[in-house]
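Hi,

Here is the structure I said I would pass on. Have a look at it first, and then read on for what I found when I went through it.

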Amino acid sequence: MNDYRPPDSTAQEQRISEMLRAHLDESVENYDAATLSRLNQARQHALDALPTTRHRQWFWPGLGLAAAMALVLMLSVQRQSLTTSPDAVGDSLVGTQLSVDEIALLASDDDLEMFQDLEFYAWLEQQPDWDGSSS
Amino acid sequence: MAMAEPASSSADVQRRALDRFLREVERKALRMAELATRNREDAMDLVQEAMLGFVRSYGHKPNAEWAPLFYRVLDSRLQDFHRRQTVRRRWRVWLRPAADGDDGPDPLEQAPTPQTHSPSARAEGNEAMAELERALTLLPPRQRQAFLLRTWEGFDGAMTAGIMGCSEGSVKTHLSRAMHSLRDRLEAHR
């Protein structure tokens with residue numbers, strides 16, 4: 001990569017950044033009433049989804065997971081009752097293990113993003129200097 | 001009934017705090033989404049999804065962590081949008097290869113910048129500003145996002161990397177390329 005920059009490039013970049021920042025700041029102050037009203041509706045809709053307690057946030061995914069596991073257990077028992085072969089029982093258990101993993105993921109579809117973000121959240125918690133004053 | 005009051009009051013306080021926070025970031029989030037989608041309706045949908053996802057997954061986290069977490073969710077929604085657009089374009093090309101040709105212009109690139117919101121830019125005929133904004137919309141999505149998070153939102157390099165789910169080095173590269181493109185565009189305009 002060519003790293004050469006003309007001597008005044010940093011000043012020019014700073015000027016471009018300042019121009020765009022000012023322009024963008026001004027633009028968000030000029031949204032029309034209809035847009036602001038829709039933003040307000042979106043915000044209220046989101047706030048209505050606020051879990052009232054931590055218990056409630058995990059209730060529905062937990063219920064889904066419990067139902068899925070009960071179904072897998074039932075199918076597993078049913079399959080074992082149909083065969084007496086030790087090999088077949090082993091196959092059945094392997095199949096059950098895979099199903100539990102897959103169904104757990106499907107049952108908690110809404111929280112997939114949270115699982116994906118766990119690493120980011122762990123990292124964020126280790127940032128002692130972050131005061132949330134960026135915006 | 002008296003026992004339920006503290007919980008209810010605590011929930012109200014949290015709701016008010018979240019309301020205040022979302023009110024602070026919603027306009028910038030919408031603008032960011034507009035620059036990415038070049039469509040007000042799509043942008044509004046993405047911001048609504050981001051608010052919902054943020055409140056559901058992170059509303060209970062400490063207030064000081066809300067901003068990076070919210071932008072993390074929004075960034076994820078924007079990336080999903082771009083992935084869907086790419087897949088749709090591929091399907092369109094695959095379904096109509098002979099009629100339209102594979103090398104036709106990207107409809108997104110042909111789309112006008114949705115609106116120039118700034119009255120001063122319109123009134124003074126600030127063409128350079130309009131050109132810069134257009135250049136911003138034409139940047140590759142990751143470059144534009146790095147520029148907006150660093151320059152407009154004011155996140156530092158490490159936090160921007162965390163929000164974008166990439167390394168700090170990648171953020172520097174995206175930012176450097178974005179600045180280069182914007183500078184070239186401005187110089188070409190003169």
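Where in chain B does Arg38(B) lie? Arg38(B) is in the loop that links H1 and H2 of that chain. I start there since the backbone caught my eye: Arg38(B) has a positive phi, near 55°, although the residue is not a glycine. Arg38(B) has 19 C-beta neighbours inside 10 Å and therefore counts as partly exposed, given that burial needs 20 or more.

Before I go further, please keep in mind that this is a predicted model.

**The two chains**

Chain B has ten helices and zero strands, so to speak a run of α-α-α-α-α-α-α-α-α-α from the N terminus on. Of its 190 residues, 39% count as buried. Contacts in chain B between residues at least 6 apart in sequence join residues at least 24 apart in 60% of cases.

Chain A has six helices and zero strands, in the order α-α-α-α-α-α from the N terminus. Of the 135 residues in chain A, 8% are buried.

Please read chain A with its confidence values beside you. The mean pLDDT of chain A is 68, and 45% of the residues score at least 70. Among the elements of chain A, helix H2 (residues 33–48) has the highest mean pLDDT, at 96, and helix H4 (residues 86–107) the lowest, at 48. Over residues 88–98 of chain A the pLDDT is below 50, and this stretch has seven contacts in the model beyond near neighbours in sequence.

**Where the chains meet**

The contact between the chains takes 36 residues from chain A and 52 residues from chain B. On the side of chain B that touches chain A, the elements giving two or more residues are helices H1 (5–37), H2 (40–58), H3 (66–95), H6 (119–123), H7 (127–138), H8 (141–152) and H10 (168–189) of chain B. H1(B) gives the most to that side, with 13 residues. Sorted by class, the side of chain B that touches chain A has 24 nonpolar, 14 polar and 14 charged residues.

**Packing around H8(B)**

How do H3(B) and H8(B) pack, and at what angle? Their axes are 11 Å apart and the angle is about 160°, which means that H3(B) is roughly antiparallel to H8(B). The crossing of H3(B) past H8(B) is right-handed. From H3(B), the residues making the contact are Tyr71(B), Asp75(B), Leu78(B) and His82(B), and from H8(B) they are Pro141(B), Gln145(B) and Leu149(B). By class, the contact of H3(B) with H8(B) has four nonpolar residues, two polar and one charged.

H8(B) also meets H10(B): the two axes come within 8 Å and cross at roughly 95°. H8(B) is therefore roughly perpendicular to H10(B). On the H8(B) side the contact is made by Arg142(B), Gln143(B), Arg144(B), Ala146(B), Phe147(B) and Arg150(B), and on the H10(B) side by Val171(B), His174(B), Leu175(B), Arg177(B) and Ala178(B). The contact of H8(B) with H10(B) has five nonpolar, two polar and four charged residues.

**A residue in H1(B)**

Ala36(B) is worth a click. Ala36(B) sits in helix H1 of chain B and is buried, because 26 other C-beta atoms lie within 10 Å. Leaving out residues up to four places away in sequence, Ala36(B) touches Leu78(B), Phe81(B), Pro141(B) and Arg144(B). Two of these names come back from the contact of H3(B) with H8(B), where Leu78(B) is on the H3(B) side and Pro141(B) on the H8(B) side. Arg144(B) takes part in the contact of H8(B) with H10(B). Ala36(B) and Arg144(B) are 108 residues apart along the chain, and their C-alpha atoms are separated by 8.1 Å.

**Helix H9(B)**

Which residues of H9(B) are buried? They are Met159(B), Thr160(B), Ala161(B), Gly162(B), Ile163(B) and Met164(B). Since six of the eight residues of this helix (residues 157–164) are buried, H9(B) is largely enclosed by the rest of the structure. Right after H9(B) comes Gly165(B), with a positive phi near 70°.

That is what I have for now. Happy to go through any part of it with you.

Best wishes

Terms used
Residues are numbered from 1 along each chain as its sequence is written. Chains are lettered from A and ligands numbered from 1 in the order in which they are written. This is a predicted model: local features need pLDDT of at least 70, side-chain atom pairs count only at pLDDT 80 or more; totals for chains, interfaces and linings use all residues. Two residues are in contact if their C-beta atoms, placed from the backbone, lie within 7 Å. Helices (H or I, at least four residues) and strands (E, at least two) are DSSP runs, numbered from the N terminus. Ala, Val, Leu, Ile, Met, Phe, Trp, Tyr, Cys and Pro count as nonpolar, Asp, Glu, Lys and Arg as charged, and the others, Gly among them, as polar. Axes are lines fitted to C-alpha atoms, for helices over the stretch in contact, and angles run from 0 to 180 degrees between N-to-C directions. Angles under 35 degrees count as roughly parallel, over 145 as roughly antiparallel, 65 to 115 as roughly perpendicular and the rest as oblique. pLDDT is the predictor's confidence in each residue, from 0 to 100. A crossing is left-handed if the near helix is turned anticlockwise from the far one by less than a right angle, and right-handed if clockwise. A residue is buried if 20 or more other C-beta atoms lie within 10 Å of its own, exposed if 12 or fewer, and partly exposed in between; C-beta atoms are placed from the backbone.
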